[in-house]
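Visitor: Please pick a single part of this model and take me through it closely. After that, I would like to know how it sits within the rest of the chain.

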Amino acid sequence: MKPILKLYRGYANDQELIVMGHIFKPTTKEDYDFQKKNFKNAKSVIRMFRIKTQKNASVYLEHHGMKIHTKSMDDGYFKFCIPLSRDLAYGWNEYKVSTYHNNKEISSKGSYIRPHEGNWGFISDIDDTFLVSHTRNPFKKLYILLFRNVNDRKIFEDVVPHYQALSSAGRDSNAEKNAFFYVSSSEWNLYRLITQFTELHGLPKAVLLLKDIKTSLTDFFFTGRGSHNHKFEKIKHVLEFYPHLKYVLLGDDSQHDPFLYENICKIFPVTVKAVYIRQTGKSKKNKAEEAMANMESMGVDTCYFKNSKEAIEHSERIGITSQDFHERL
């Protein structure tokens, strides 16, 4: 048995590279299998929340001829924030992290993005923004997480063409895409589930910024709940990390997105240009409408929508995406 090294997508600007991951104690248990059905899927999901992390494990980042050493935190999480002395290539690039067990190297390769020069950055929530999760009904949410594998999970209609249009907004080349971040109150335990889901449906490749990992069955029953300060801090960090971009924030009204985004708009009055909020219930929420009206009064374009077609039309109308791009989809 050997430790398990998990790497997540990282990101870079002109001055700094940030990559992160987890290291887990040796185990004979299989990794999450996305094809399993019903009770077998439930068993796999529960196993993801009972994984044991390894603290103070030595990890090494190899990048552009450098080998940098750090150690994992108490929850097995490690993060390298590295000052850059040379320009990195634009787009998605590769990095390598390794650890040692019984004098043998265990290594893994991950990717990070240095966004092509452009105007736009997009930050989206996950649950009930593009992935149907029933956050308003915690029991249903847990049932679906347990008994529906990644192939059976549902996506909202017309989300994909909207996100693809945003990803290419203002771009002449298909090779260049805008920076996309998926920020969620889901935990790192669900990273592979989310990345597999986004790949399956053709959503833009994005950096994921998730909540601290859970390592007990008790924690599992509260997945995605609790304080949303983490989301606020992560979004604030992204806007500070890429200050030259204009941002579009996408979320839903099932929890706190309208109010988080309202506060972000207050702090970044120049850079946030538009906010999209999906209506998850039968009617719009008064408090969410108030938050949207307040953002509008600060010069932010807002769209509180039930169907993604409304969001697509709004993005075209305010000039984020072009009409001819939409017609090609």
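Guide: Take His64, which counts as partly exposed because its relative accessibility is 41%; buried means under 20% relative accessible area, exposed over 50%, and partly exposed in between, with a 1.4 Å probe and protein chains only. This is a predicted model, in which local features need pLDDT of at least 70 and side-chain atom pairs count only at pLDDT 80 or more, while totals for chains, interfaces and linings use all residues. Residues are numbered from 1 along each chain as its sequence is written, and side-chain values use heavy atoms, with hydrogens and water left out.

His64 sits in the loop that joins strand 3 (58-63) to strand 4 (66-71); helices (H or I, at least four residues) and strands (E, at least two) are DSSP runs, numbered from the N terminus. The backbone there has a feature to check: phi of His64 is positive, about 50 degrees, although the residue is not a glycine. Most residues other than glycine have a negative phi. His134 is another non-glycine residue with a positive phi, near 55 degrees. His134 lies in the loop between strand 8 (120-124) and helix 2 (138-147), and a relative accessible area of 27% makes His134 partly exposed. A glycine with positive phi is Gly202, at about 75 degrees, just after helix 4.

From the loop of His64, go to Ser98, a residue of strand 6 (residues 91-101). Ser98 counts as buried, since its relative accessibility is 0%. Setting aside neighbours within four places in sequence, Ser98 has contacts (heavy atoms within 4.5 Å) with Leu5, Ser58, Val59, Tyr60, Glu62, Lys67, Glu105, Ile106 and Ser107. Ser98 and Thr135 are 37 residues apart along the chain, and their C-alpha atoms are separated by 37 Å.

Leu245 gives another case of sequence separation set against distance. Leu245 and Gly121 are 124 residues apart along the chain, with 5.9 Å between their C-alpha atoms. Leu245 belongs to the loop between helix 6 (229-241) and strand 11 (246-252), and its relative accessible area of 4% makes it buried. Beyond four places in sequence, Leu245 touches Gly118, Asn119, Trp120, Gly121 and Thr271.

Next, the core. A nonpolar core is a set of buried Ala, Val, Leu, Ile, Met, Phe, Trp, Tyr and Cys residues joined through side-chain atoms within 4.5 Å. The largest such core holds 75 residues, and Tyr11, Phe181 and Val275 have the most contacts inside it. Another core lies apart from it and has 17 residues, including Ala57, Leu61, Leu88 and Tyr112. Tyr11 itself, not counting neighbours within four places, is in contact with residues that include Leu17, Met20, Tyr112, Phe181, Leu209 and Phe241.

Several helices are worth a look here. In helix 4 (residues 191-201), the buried residues are Tyr191, Leu193, Ile194, Thr195, Phe197 and Thr198. Those residues pack against strand 1 (4-12), helix 2, strand 9 (179-187) and strand 10 (207-211). In an α-helix there are 3.6 residues a turn, so residues three or four places apart point the same way. Helix 3 (residues 159-167) is mostly covered, with seven of its nine residues buried; among them are Val159, His162, Tyr163 and Leu166. Helix 2 contains Lys141, a buried residue with a relative accessible area of 12%.

As for the whole, the protein has ten helices and 13 strands. Its radius of gyration is 20 Å, close to the 20 Å that the globule rule gives for 329 residues, so the protein is as compact as a globular protein of that length; the radius is taken over C-alpha atoms, and the rule is 2.2 Å times the number of residues to the power 0.38. The C-alpha atoms fill a box of roughly 60 × 50 × 35 Å along the principal axes. Of the 329 residues, 52% are buried. Among contacts with a separation of 6 or more, 72% join residues 24 or more positions apart.
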